[in-house]
Amino acid sequence: MFVTQPVLPAMLTLAAPDTGISVERFLLLLAVILISAKILGELAERIGQPAVVGELLAGVLLGPSVVGLIDPTLPSLHLIAEIGVVLLLFGIGLETDLERLLRVGPAAFAVAIVGVLLPFVLGYEVSRALGLALLPAIVIGASLTATSVGITARVFSDLGELKSPEGQIVLGAAVIDDVIGLVILAIVSDVVAGNAPSITGVAKATAVAFGFLAVAVFIGRLIVPWLFRLIARTSKEHTLATMALALAFVLAVLASKVGSALIVGAFAAGLVLAPTEHAHAIERGIIRLANVFVPIFFVAVGAAVDVRTFASREVAIVGLALTVVAIAGKFAAGWAPVWVRARKTVIGVGMIPRGEVGLIFAQTGLTGGVLNPGEYSALMLMVLVTTFMAPPLLRRLLTRHA
């Protein structure tokens, strides 16, 4: 005889046992985050800066090192922030003209390669010169290779410059950087675990990372336009946005499963839907969601910064040295495509912010026991400065040339 289990009540419980926070407290937390992000975002815009600067600052102020209202390690907050970055990259993909992006492909690839190699070498050499051991120097060098595609793309999009040659080169280079970063992160994770990386493993990781994006876009452009024409004939407009969001989530999961990143899959979904006749209707629906979830992502990035750790003199010296080479390496990458007529300064500055990508590298080193708290804090200083300086600089450069 079977015993009926109380499944429904368990599903409707008001406390999330794996998060350690009640629904009521979590809703209040989200309210505080959204209000703070909106207020500081608008204040940033009033003084001529992108809204993302205010959203990042809101995170720092609400984080553990100042007010202490936000715990950036809270699983439920992390999940919502991840949805935010998926929506952000999906929306960026919807705004991206693939043909135009491919036209700047060689330039973007050159910027990405130089923007990975130069910061890695500079970061490693500076770390060794300051007396750091071999493994910490490798992890720090790898952390300097990252570029936050989310922050850079948001600034270009807010200023209406995403489709400019510079915007397309930076977007392409940042996406390539993220894909290369996945490969580097896999190698670093092996080193942290005490394993020697193999040429076969590196080649496989590289093929998977780049191959997924190409295959997803190729197959998607064969199937998705026909599928969405069918949906449009049988459904209302808002259903298109819902199905498009489902596609973005599915491709994000597939990208993660094959060893790529969630944001690569979301970006691919946007690229697939961008040329369809329904792209604008889909974008209208996605923007409403993005206005809620994306600010939460940037607040969570800011909250991960603990400014209290910057009081140490040693941390400050190492952190400032890494910040200088981090800026110099990415800025110099802007001049890599010497054959392209474009605002190289804009490209260089657009590659500077490390944001959440740099945090992931640093966290890998810390949890693996390779970085001590001081070295981790020095990396946090580099991430903080590069993340906060790029948006206002881009704003100044782009409005000056407008």
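Which residues in α4 meet which residues in α12? Let's start there, and keep in mind that what we're looking at is a predicted model.

On the α4 side, we have E82, V85, V86, L89, F90, I92, G93 and L94. Their partners in α12 are L262, I263, A266, F267, A269, G270, L271 and L273. To find these on your screen, α4 covers residues 75-94 and α12 covers residues 262-273.

So how do we describe a pair like that? Two packed helices are described by the angle between their axes and the distance between the axes. For α4 and α12, the axes come within 7 Å and cross at roughly 30°. Angles under 35 degrees count as roughly parallel, so that's what we call α4 and α12. Their crossing is right-handed.

Okay, stay with α4, but turn to another partner, helix α11, residues 237-257. Here the axes come within 11 Å and cross at roughly 110°. That angle falls between 65 and 115 degrees, and therefore α4 and α11 are roughly perpendicular to each other. The contact is made by I83, V86, L87 and F90 from α4, with A244, L245, A248 and F249 from α11. This crossing is right-handed too. By the way, V86 and F90 are in this list, and you heard both of them in the α12 contact as well.

Now back to α12, which also packs against α10. That's the helix at residues 199-234. What is the angle between α10 and α12, and how far apart are their axes? About 45°, with the axes 8 Å apart. That makes the two helices oblique to each other, because 45° is in none of the roughly parallel, antiparallel or perpendicular ranges. Again, the crossing is right-handed. From α10 we get F212, L213, A216, V217, G220, R221, V224 and F228, and they meet V264, G265, A268, L271, V272 and L273 of α12.

While we're on α10, have a look at W226, which is found in that helix. W226 helps make a nonpolar surface patch of about 790 Å². The other members are V215, F218, I219, L222, I223, L227 and L230.

Last topic: charges. Side chains of opposite charge can pair when their charged atoms come close. How many salt bridges does a search of the whole structure find? Five. One to look up is E42 with K38, at 3.6 Å, N to O. Both lie in helix α2, residues 23-46, and they're four residues apart, about one turn of the helix.

Conventions: Residues numbered from 1 in each chain as written. Predicted model: local features only at pLDDT ≥ 70, side-chain atom pairs only at ≥ 80, totals over all residues. Heavy atoms only, no water. Patch = residues over 30% accessible without salt bridge, like charges linked within 9 Å, V, L, I, M, F, W, Y side chains within 5 Å. Areas by Shrake-Rupley, 256 points an atom, 1.4 Å probe, with all protein chains shown as cover. Salt bridge = Lys/Arg side-chain N within 4 Å of Asp/Glu carboxyl O. Axes fitted to C-alpha atoms, helices over the stretch in contact; angles between N-to-C directions. Parallel < 35°, antiparallel > 145°, perpendicular 65-115°, else oblique. Left-handed = near helix turned anticlockwise from the far one by under 90°. Contact = heavy atoms within 4.5 Å.
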